[in-house]
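Welcome, and please open your viewer. We will go from stop to stop, selecting a few residues each time and looking at what is there.

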Amino acid sequence: MATIRVLQAIGGLDFSWAPGDLVDLPDDEAAKWADGHRAELVDQDPPPAPVNDDPKTPADTDPPADPDDPDDPGDQDDDPDGPVLFDPAEHNVKDVLAYLDGVGEQEALRVLQQEENAEEPRKGIVGQRGSILERAQANDEATERAAETSRGGGRGDTIETR
């Protein structure tokens with residue numbers, strides 16, 4: 001089983017999900033819904049918790065990290081239960097461009113900003129900013145057209161029968 005977080009309101013004959021709802025589905029069904037527009041994958045079945053044969057006392061544990069320490073991994077902006085965001089620094093130019101080819105404008109801007117703020121921005125990516133953003137806007141428009149058709153738009157004055 002996998003859990004998805006609903007991003008757009010979705011309803012059917014026997015279900016109705018609102019944005020923010022967490023829904024448990026079989027893995028293959030969750031993969032169909034988690035397209036980044038309708039829903040996103042939150043997690044899959046977690047591994048069983050490890051058995052602690054040697055419990056530590058509070059005196060044995062490390063002191064808590066300073067909450068203002070920027071090097072502390074606990075200070076990450078990403079929600080530990082949320083999706084892991086695409087990091088262009090972890091991928092080659094070809095993979096970054098392939099990823100950017102299928103995203104919307106907001107995600108494209110986020111990834112391009114990360115690349116531009118990198119210590120050594122790659123010209124193969126930042127040099128194509130204009131065409132990347134054009135494709136991203138076209139992706140957003142195509143998604144909105146599909147959503148409009150799904151909502152019954154463009155079908156004339158007929159009564160919606162869902």
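The tour below starts with the whole chain and then visits single elements and residues.

**The whole chain**

Begin with everything shown as a cartoon, and keep in mind that this is a predicted model. The protein has 5 helices and 5 strands. Followed from the N terminus, these elements run β-β-β-β-α-β-α-α-α-α. Of the 162 residues, 19% count as buried. The protein exposes about 11,900 Å², and carbon and sulfur atoms supply 51% of that area.

**The strand end**

Now select Thr3, which lies in strand 1 (residues 2–6). Is Thr3 buried or exposed? Its relative accessible area is 12%, so Thr3 is buried. Show side chains and add Asp24: a polar contact of 2.6 Å joins the side chains of Thr3 and Asp24.

Stay with strand 1 and select Arg5 together with Glu40. These two form a salt bridge, with their closest N and O atoms 3.1 Å apart. Because Glu40 lies in strand 5 and Arg5 in strand 1, the pair ties together parts that are 35 residues apart in sequence. A search of the whole structure finds 7 salt bridges, and we will meet others further on.

**The start of helix 2**

Next, select Asn92, in the loop between strand 5 (39–44) and helix 2. Asn92 is partly exposed, at 42% relative accessibility. What does the side chain of Asn92 reach? It comes to 2.7 Å from the backbone nitrogen of Asp95. At the start of helix 2, a side-chain oxygen of Asn92 also reaches to within 3.2 Å of the backbone nitrogen of Lys94. Add Arg122 to the selection: Asn92 and Arg122 are 30 residues apart in sequence, and their C-alpha atoms are 9.6 Å apart in space.

**Two sides of helix 2**

Colour Val96, Leu97 and Leu100, the buried residues of helix 2. They lie on the same side of the helix because they cover an arc of only 95° around its axis. Turn to the other side of helix 2, where Lys94 and Ala98 are exposed.

**The largest core**

Keep those three buried residues selected and extend the selection to the largest nonpolar core, which has 12 residues in all, including Phe86, Val96, Leu97, Leu100, Val103 and Ile125. Helix 2 (93–100), helix 3 (105–116) and helix 5 (129–150) each give two or more residues to this core. A second, separate core has 10 residues, among them Ala2, Ile4, Leu25 and Trp33. Back in the largest core, pick out Val103. Beyond residues up to four places away in sequence, Val103 touches Ala108, Ala136 and Asn139.

**Helix 3 and helix 5**

Select Glu115 in helix 3. With a relative accessible area of 2%, Glu115 is buried. Leaving aside neighbours within four places in sequence, its contacts include Pro88, Glu120, Arg122 and Val126.

Elsewhere in helix 3, pick Glu107 and Arg110, which are 3 residues apart, about one turn of the helix. They form a salt bridge whose closest N and O atoms are 2.7 Å apart. Arg110 is partly exposed, at 23% relative accessible area.

For the last stop, select Arg135 and Asp101, another salt bridge, with the closest N and O atoms 2.8 Å apart. Which parts does this pair tie together? Arg135 lies in helix 5 and Asp101 in the loop between helix 2 and helix 3, so the pair ties together parts 34 residues apart in sequence. Arg135 is partly exposed at 29%, and Asp101 is partly exposed at 42%.

Methods:
Residues numbered from 1 in each chain as written. Predicted model: local features only at pLDDT ≥ 70, side-chain atom pairs only at ≥ 80, totals over all residues. Heavy atoms only, no water. Core = buried A, V, L, I, M, F, W, Y, C linked by side-chain atoms within 4.5 Å. Buried < 20%, exposed > 50% of the residue type's maximum accessible area, 1.4 Å probe, protein only. Helix = DSSP H or I, 4+ residues; strand = E, 2+ residues; numbered from the N terminus. Contact = heavy atoms within 4.5 Å. Polar contact = N/O pair within 3.5 Å; in protein donor to acceptor, adjacent residues only side chain to side chain. Arc of directions from axis to C-beta. Areas by Shrake-Rupley, 256 points an atom, 1.4 Å probe, with all protein chains shown as cover. Salt bridge = Lys/Arg side-chain N within 4 Å of Asp/Glu carboxyl O.
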